[in-house]
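This report describes the fold of a two-chain model for a reader who has not met it before. The sequence and structure follow.

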Amino acid sequence: MASFSAEHERLLGKLLLDQEFLGRILDSETRMEALESLNVPDAEKVYDDIEDYLAEYGETLEDLVDDVDAGVIAFMG
Amino acid sequence: MRWNEVYERERRAALAPVEIEFRTLPAPLREPGRLFRANLLAASGAEDLSGVFSGPEDHPGLDLHHFVLDGAGAILAARADELTRAAFFTAAALHLSRSIEDPDSLTTERARPLRRYLEDRASAIFTGIFSAGSPFRKYYKRAWARDRAGPGRLAPLKLASLGALILADWTSELERVDDLLETLNAVFSFIESARGIRRDLQAGRSSAFLLELMLNNGIAADEPDWAARLMGALVLSDALGAPAEAVRTRLDGARSASAELGLVGLAPYLDHLDGALDRVRAAFRPSGREQAGSGLLRPAIDTQKLALETAAAFLNSDLAFRESWEIHRYGLFGRDEVISRFPAGLALEVLCETGSELPGIVDAFVAGLARQRFGYFDLPDLVLRDADTLGLALRLWDYGTRPEGGVREALEEALAVMGRSVLPDGRVPVWLGEPPDGVRLAGEGCGVVEAHLLLGLLAFDVERFKRMIVRSAAGLFDRFTEFGAGISVNYPALYSLSVVSRLAAALERAGITAPGWETWGEVYRAELEAELDRSERTPQEAAFAIMASTGPAADRFEREWPVRIRKHQRPDGSWNAEPFCFVANRGNEASWYASRTLTTAFCFRSLKMISKNGD
């Protein structure tokens, strides 16, 4: 298993927990700014490592995040 | 056949009377009971109560006694049905407890009597089966004691199984079976906790389960971004792996124990737990997503964010705030209809204070007040000027475009009347001017109205009114030191405290102090404690508690306050109307003014305050 640093864990965790941040990362126009906002040295490399790791399993960040399941219940009467 | 379908026929037959019982609950439990039933059906997809608590991922509490008996012996079918019903009521009581305690659910404390009823129903069934001398009683007490202690919350779901073994005269190994079922509950609990990891981490909610995971993975509890790091470690470093394998070892031990005891019927459930452990572990690994199926990484709904968004949407849905208008239709002043839009102004102020830019709406509202010459009612020919309306207009002024012309002239006229009305001791009266013949004005002497006006003067032009503000505020805080929240005539105590706190903060910002003011904070804190103790614990009271507890004299916060607010929010983003102030009714009587709009505005404001504080 590949070994990852605390920074890798923190960045991926933030992506999985913070939908707004994930949206900014997935948008190539806002990605750099979002990564810089983390104040993590080599944030871009950390991000690339995560993408590469997921790609090894044929996964992307979007794949890891399921959508909120809302509005599926409707009561009548 | 899936493990949870093995005894489906028996379960459905046994629970048919429960469905009837839910339709005929005692009157005080009918409404919470119907709501609880609707929520159970919605969550499970079942068509009636015989289909709940029996999904493939549910605890097998309703069927477990059948599994246990398969290998241990037989009991009368009627007794088995009774045990199923007792297990149902037990599961329902435990489920309802969790819903009440879940800060993200909409189940409120109003469901407590129903929860008590459900436990009592289970108890009554067990009491009908087992005599006082039965060994069952020991296990009953122990199981509920474990539930009340916290971590053993599934323990009461063992009772139907233990009872079945006693009925089957299979008592020699009861302790071992109890241990075995406890182990299975621990495995189930681990899987449940793992399923909720993402939801809990999103909410920044810690638990013994999460702390153990962090400890296992070298993440300190006080580490910044601990939630993000743990979430990342689950995916990148298989943080769930070692704990899951430790749980599997316990499961293997349980499997051996059940074989030794001859409880062969447990095998399908043991196999299910084995598979569920695999799936929950795989869910966090990029290599295991297919195996895990979907949904385990589904994010939680951010209830705080949702509450704020929907409350804002409700308030913005009608910027005239028509529902909040104070309308009199019983012949006040001899007219068919008299309207005050004062409460609408308070709602508008909340939106402006919390960041909405609505200059056009504010201008239109203040122009409306100008047309009634800053009187309380929308009656140009009958002007009853008051300090509250004037204070509101002054507080709103800077959120508009500060218009000149007629509106400004009317405002200056009202300010001049106010200036002439100041009493010799510096106090500003509530009513600015004499009432017309035959009209008696109530509510005079309210310190909160005076504080509202001072907040307006401070916002409008502090330098111009400084002398007046200092005299009035000195008297007001003197009275507060003597009477506490009793300075208010019209407004609720916690709201009154919040206004005093807000005024103190505004004076501090303006660099205004006066001799003797240092003692008011002590009185304030004592009053706040007393009022919080007296609070009726409604959403609006919680909102006022937050507003009153943030300021120069008090800085306290209880996590329960926003939870109480959020749990009572309606689907349209509003809250039910709660009493706010007295208004006249039928001439000589008073009624409470209450509106959904104003209660919503206060709930919204308080939730915004704690969001700003990083809750």
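Which residues have the most contacts inside the largest nonpolar core? They are V68(B), A164(B), L230(B) and L234(B), and the core has 95 residues. A nonpolar core is a set of buried Ala, Val, Leu, Ile, Met, Phe, Trp, Tyr and Cys residues joined through C-beta atoms within 7 Å. A residue is buried if 20 or more other C-beta atoms lie within 10 Å of its own, exposed if 12 or fewer, and partly exposed in between, with C-beta atoms placed from the backbone.

The model is a predicted one, in which local features need pLDDT of at least 70 and side-chain atom pairs count only at pLDDT 80 or more, while totals for chains, interfaces and linings use all residues. Residues are numbered from 1 along each chain as its sequence is written, and chains are lettered from A and ligands numbered from 1 in the order in which they are written.

**The chains**

Helices (H or I, at least four residues) and strands (E, at least two) are DSSP runs, numbered from the N terminus. Two residues are in contact if their C-beta atoms, placed from the backbone, lie within 7 Å. The table sets out the two chains in these terms; its last column concerns contacts between residues at least 6 apart in sequence, and gives the share joining residues at least 24 apart.

| Chain | Helices and strands | Buried | Contacts joining residues at least 24 apart |
|---|---|---|---|
| Chain A | five helices, zero strands | 21% of 77 residues | 53% |
| Chain B | 26 helices, four strands | 42% of 615 residues | 69% |

The elements of chain A run α-α-α-α-α from the N terminus on. The C-alpha trace of chain B spans about 95 × 55 × 45 Å along its principal axes.

**The cores**

Helix α4 (residues 77-101) of chain B supplies the largest share of the 95-residue core, 11 residues. Another core, of 91 residues, lies apart from it and includes F365(B), L411(B), L415(B) and L476(B). Neighbours within four places in sequence aside, V68(B) is in contact with S161(B), A164(B), L165(B), L263(B), G265(B) and L266(B).

**Two helices of chain B**

Helix α1 (residues 8-23) has 16 residues and reaches 23 Å from its first C-alpha to its last, close to the expected 22 Å. The expected span is 1.5 Å times one less than the number of residues. At L15(B) the helix α1(B) bends by about 35 degrees, and the proline P17(B) follows within four residues; the bend is the angle between axes fitted to the seven residues ending at a residue and the seven starting there. R11(B), A14(B) and L15(B) are buried in α1(B), and the cover over its buried residues includes α4 of chain B.

Helix α22 (residues 493-509) of chain B has 17 residues, and its end C-alpha atoms are 24 Å apart, in agreement with the 24 Å it should span. Of these 17 residues, 13 are buried. Just after α22(B), G511(B) takes a positive phi of about 70 degrees.

**Positive phi outside glycine**

Most residues other than glycine have a negative phi. F53(B), although not a glycine, has a positive phi of about 55 degrees. F53(B) lies in the loop between α2 (27-44) and α3 (64-72) of chain B. Is F53(B) buried or exposed? F53(B) counts as buried because 27 other C-beta atoms lie within 10 Å.

F333(B), also not a glycine, has a positive phi of about 55 degrees, and is found in the loop between β1 (326-328) and β2 (338-340) of chain B. F333(B) has 14 C-beta neighbours inside 10 Å, so it counts as partly exposed.
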